[in-house]
Amino acid sequence: MYQAGYLKHFTEEVFLAIGCPEQEARLAAQVLVSADLRGVDSHGIARLAGYVRLYDHGRLNPNPEIKVVYETPSTAVVDGDRGLGLVVAPKAMEIAMEKAEKVGSGWVSVRNSNHFGIAGYHAMLALEKDMIGWTMTNAAPLVTPTFSLEKLLGTNPVAVAVPALEEPPFVADFASTAVAYGKFEILQRKGLPAPLGWAQDAEGNATTDSNAVKSGGGLLPLGSDREHGSHKGYGLGAIVDIFSGVLSGANFGPWVPPFATAGFMNAQEGVGLGTGHFLGAMRIDGFRPAEEFKKDMDKWIRAFRGAKAVDGQKVLIPGDPEREAEADRLANGIALLEPVVLSLGELAKRFNIPFENNL
């Protein structure tokens, strides 16, 4: 068990060790550990070694010049200069919010970036400004579209954050696949099979092998198969890829470079620059008075949360599980699996940074 503050400090020290400026190392650590706090273990500190491997392979610029390369009053394209997506995405959201302040909404497409952590973190930045935040990113091709034997899309998540008045905000953050690949990494660390419907093998058959993607298979789109609506998950993933990659000039489809997950380091020659993101911010008072909207959001949330549920269950609002996990983990600490602790120990030894169980 580890305190969030301890993990954040360790993460910051690792990013400093590979050459990140202090402010950007602090921001990257904040984004990464926020995933662990919110219960999204697949995108938290377990991925720290992966970012270091990106640096080792020359794919990560620790001190990038992040700049706007094209813009209108409400839109922009940002070049991340191969920087940490954990830093590039929040800066792109700042630009989107600045534009929204001036003209009602701001939309930023990003190229030449890397993996940006949990999409929800960046969307939630808009809540501080009484805005609705929208975030998406493309990712390495691990997903087989409906009826395909080839991996052509990433898990391509979408996050939308909407403020309320007295109720906690609505925060939807989900992959366009049955699950994120990080869930497979967790199962692999535990030596467990995957539920049916998460992946297919190299011949296109449903499988429970948690290593199927590494051995020629692929992740399945949200819906798992055609009869259960996988074409909709495929369509959603395609939209994310087009907005994030084709619109920005980043790589897209099968050309998106892989994250540094073991076994997926080799990238094809690209058609664009790096990984792509798409971020947006909308001023609520561009549509109606913000106070009125947030009161109605309270009513919306209470109607769903108060719905009659099946025995032993309750109807949740998107963001509820993550908020509850954060409250628990801030109070009681964050549990890390042994393989994650070992990988952090290796980083500690390499960079001469203290790391020990602190709870």
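## Exposure and the R283–D285 pair

A residue is called buried when its relative accessible area is under 20%, exposed when that area is over 50%, and partly exposed in between. In this predicted model, D285 has a relative accessible area of 45% and is therefore partly exposed. Its partner is R283, whose side chain meets that of D285 in a salt bridge of 2.7 Å, N to O, and R283, at 24% relative accessibility, also counts as partly exposed.

## Other salt bridges

Side chains of opposite charge can pair when their charged atoms come close. A search of the whole structure finds 21 salt bridges, one of which joins the side chains of R350 and D56 at 2.8 Å, N to O. Because R350 lies in helix α10 (residues 338-351) and D56 in helix α3 (residues 48-56), this pair ties together parts that are 294 residues apart in sequence. R350 counts as partly exposed at 45% relative accessibility, and D56 counts as partly exposed at 41%.

Another salt bridge is formed by K314 and E324, with their closest N and O atoms 3.8 Å apart. Here K314 sits in the loop between α8 (290-305) and α9 (320-332), while E324 belongs to helix α9, so the pair ties together parts that are ten residues apart in sequence. With a relative accessible area of 56%, K314 is exposed, whereas E324, with 40%, is partly exposed. Salt bridges that share partners also join E166, E167, D298, R302, R305, D320 and R323 into one network.

## A nonpolar patch on the surface

On the surface, I239, I242, F243, V246 and L247 make a nonpolar patch of about 450 Å². Of these residues, F243 has its place in helix α7, which covers residues 230-246, and F243 counts as partly exposed because its relative accessibility is 36%.

## The enclosed cavity

Rolling a probe the size of a water molecule over the atoms shows where empty space is left. When the whole structure is searched, one cavity of 30 Å³ or more is found, and the volume of the largest cavity is about 340 Å³.

The lining of the largest cavity is made by 26 residues, and those that lie nearest its centre are R47, H115, A139, A140 and F259. By residue type, the lining of the largest cavity divides into 13 nonpolar, eleven polar and two charged residues.

Technical notes:
Residues numbered from 1 in each chain as written. Predicted model: local features only at pLDDT ≥ 70, side-chain atom pairs only at ≥ 80, totals over all residues. Heavy atoms only, no water. Patch = residues over 30% accessible without salt bridge, like charges linked within 9 Å, V, L, I, M, F, W, Y side chains within 5 Å. Areas by Shrake-Rupley, 256 points an atom, 1.4 Å probe, with all protein chains shown as cover. Salt bridge = Lys/Arg side-chain N within 4 Å of Asp/Glu carboxyl O. Helix = DSSP H or I, 4+ residues; strand = E, 2+ residues; numbered from the N terminus. Buried < 20%, exposed > 50% of the residue type's maximum accessible area, 1.4 Å probe, protein only. 1 Å grid on protein atoms, 1.4 Å probe; cavity = no way out; pocket = protein on both sides within 12 Å on 5 of 7 lines; lining within 4 Å. Points joined across faces, edges and corners; volume = space filled by probe spheres on them. Nonpolar A, V, L, I, M, F, W, Y, C, P; charged D, E, K, R; others polar.
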